[in-house]
Amino acid sequence: MYTRLLKSPQQSAFVFGPRAVGKSTWARSRFPDATYYDLLDTSLYLDLSRDPNSLYREISARPRHSWIVIDEIQRAPALLNEIHRLIEDRQANVIMTGSSARKLRRGGVNLLGGRALTRTMFPLTSPELEYSLELDRTLQYGTLPEALNRANPTDYLRSYVETYLAQEVIAEALVRDVGRFARFLEVAARQNAQPTNITSIARDTGTNRKTVNTHFEILIDTLIGSWLTPWKLKSSNRQLHQSKFYFCDTGIVRGLSNRLPYPPAPEESGFLLETFIFHELRAYLSYSNLHYPLHYWRSYDGAEVDFVLESRDRYIGIEVKAAGRWSNKFNRGFNRLAALLPPQSAFDRIGVYTGSREERWDTVRLFPIVKFLKNLWGNELIQ
């Protein structure tokens, strides 16, 4: 059992996260006395779908201020009206977990008008694993709880990908041509962590730009991935404007790209490591309630900083390299970006690599991966 970092809300909340990150386990452990509704239970789902008001009647028979957990809320958006009434009339506290926000965001349903917080759960993070990372395994299979618990997670991750296609896409009728969507997933996974070329993906999948954009929207809404947008400097016109797309877990990336049977190739490792660090940063900012926007920066001639953010009093750039030794050429993006920042700006330059020594390389603070993660989650790098 892993100790999850997501704090227990003190009021009603949506808790979103990709399928199988542990939302249900978290909800049951944090709210053991709550009335629990699992909408994956077909009988219960059908009963509540036929008569949403039955939820209100059942909970109204319980004491005021009761706690309720509704798992997979996206399956029955009509319940949100009844939940609204329960919060207003009975001061109920309702935890609603979901692995897809698409029906909730796009169906014109009642999102409770600010009466519920929104929280996100991620795959397991390094502090939840007590920093016991086997890097090669992490890059190959990711950090979904079930993948970590299996001696050979290949079959599980293949099943995960197939389950996603069947349950999140086909069952919700999100796409008409499942075959082309499956091809899109493979092509998109092979472009993971790279500037996304919509035109190229459309050509490779035999579809059009509008369809590709819709497919990416499905991945966002079903929490399978997220965009990293370029950091736009008003003073600079010569920078890349394409966003990067990151799948939510390295094991899922490899499952979708049909690479699970093989160890990560050298040309894969850099993007997989970058994906892993990206989600550690996202999880840290979310769980710490900082919510600083995260970006990347790249010039047209290829100078790049993998991650850029503005904290309260400084700019922070992070460059990630799957290399055992640091090189001056890795500092090119830092140097170019520093020249574009406002004069006298504080700019922290952080290098993360697979070597073993913590040191300062010119103006760059250089960290081995685990040391970087410990400093990150110890609130020593971003405040």
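Trainee: Which residue in β8 is the bridge partner of Pro230?

Mentor: In this predicted model, Pro230 has Tyr296 of β8 as its bridge partner.

Trainee: What makes β6 and β8 a pair of strands, and in which direction do they run?

Mentor: Pairing requires at least two bridges between the strands, and two bridges join β6 (residues 225-230) to β8 (residues 295-298), so the requirement is met. The two strands run parallel.

Trainee: Which helix packs on the sheet by touching β6 and β7?

Mentor: That is helix α11 (residues 209-221), whose direction makes about 115° with that of β6.

Trainee: How is the direction of helix α14 to be described relative to that of β11?

Mentor: Helix α14 (residues 332-340) packs on the sheet and touches β8, β9, β10, β11 and β13, and its direction makes about 165° with that of β11. An angle over 145 degrees counts as roughly antiparallel, so α14 is roughly antiparallel to β11.

Trainee: In what order do the strands of this eight-stranded open sheet lie, and what kind of pairing does the sheet have?

Mentor: The order is β7-β6-β8-β9-β10-β11-β13-β12, and the pairing is mixed. The edge strands are β7 (244-247) and β12 (359-361), each of which pairs on one side only. If direction is ignored, neighbouring strands of this sheet are turned by 35° against each other on average.

Trainee: How do you know that the pairing is mixed, if we look at the partners of β13?

Mentor: Five bridges join β11 to β13, and these strands run parallel, whereas the three bridges between β12 and β13 join strands that run antiparallel. Within these pairs, Ile350 stands opposite Arg365 in β13, while Glu359 has Leu366 of β13 as its bridge partner. The hairpin of β12 and β13 has two residues between the strands, and Asp362 there takes a positive phi near 60°.

Trainee: What makes β13 a mostly covered strand?

Mentor: Four of the five residues of β13 are buried, and buried stands for a relative accessible area under 20%.

Trainee: Why is Thr207 called partly exposed?

Mentor: Its relative accessible area is 23%; since buried means under 20% and exposed means over 50%, with partly exposed in between, the value of 23% places Thr207 in the middle class.

Trainee: Where does Thr207 lie, and which residues is it in contact with beyond its neighbours within four places in sequence?

Mentor: Thr207 lies in the loop between α10 (198-205) and α11, and, with those neighbours set aside, it is in contact with Arg180, Ala202 and Val212. The C-alpha atoms of Thr207 and Phe181 are separated by 9.7 Å, although the two residues are 26 places apart along the chain.

Trainee: How do you know that the side chains of Thr207 and Thr211 make a polar contact?

Mentor: The limit for a suitable pair of N or O atoms is 3.5 Å, and the pair between these two side chains stands at 3.4 Å, so the contact falls within the limit.

Trainee: Which residues of α10 are buried, and what covers them?

Mentor: In α10, Ile198, Ser200, Ile201, Ala202 and Thr205 are buried, and what covers the buried residues of this helix includes α9 and α11.

Trainee: What makes Asn197 a cap of α10?

Mentor: A side-chain oxygen of Asn197 lies 3.2 Å from the backbone nitrogen of Thr199, at the N-terminal end of the helix. Just after α10, Gly206 takes a positive phi of about 65°.

Trainee: Why is α9 described as roughly perpendicular to α11?

Mentor: The axes of α9 (residues 178-190) and α11 come within 11 Å and cross at roughly 80°. Angles of 65 to 115 degrees count as roughly perpendicular, and therefore the description applies to α9 and α11. Phe181, Phe184, Leu185 and Ala188 of α9 make the contact with Val212, His215, Phe216, Ile218 and Leu219 of α11. By class, this contact has eight nonpolar residues, one polar residue and no charged residues.

Trainee: What is the strand order of the five-stranded open sheet, and which strands form its edges?

Mentor: The order is β2-β3-β4-β1-β5, with parallel pairing, and the edge strands, β2 (35-38) and β5 (117-120), each pair on one side only. Neighbouring strands here are turned by 15° against each other on average, direction ignored.

Technical notes: Residues are numbered from 1 along each chain as its sequence is written. This is a predicted model: local features need pLDDT of at least 70, side-chain atom pairs count only at pLDDT 80 or more; totals for chains, interfaces and linings use all residues. Side-chain values use heavy atoms; hydrogens and water are left out. Axes are lines fitted to C-alpha atoms, for helices over the stretch in contact, and angles run from 0 to 180 degrees between N-to-C directions. Contact means heavy atoms within 4.5 Å. Buried means under 20% relative accessible area, exposed over 50%, partly exposed in between (1.4 Å probe, protein chains only). A polar contact is a pair of N or O atoms within 3.5 Å; within protein, one must be able to donate a hydrogen and the other to accept it, and residues adjacent in sequence count only if both atoms are side-chain atoms. Angles under 35 degrees count as roughly parallel, over 145 as roughly antiparallel, 65 to 115 as roughly perpendicular and the rest as oblique. Ala, Val, Leu, Ile, Met, Phe, Trp, Tyr, Cys and Pro count as nonpolar, Asp, Glu, Lys and Arg as charged, and the others, Gly among them, as polar.
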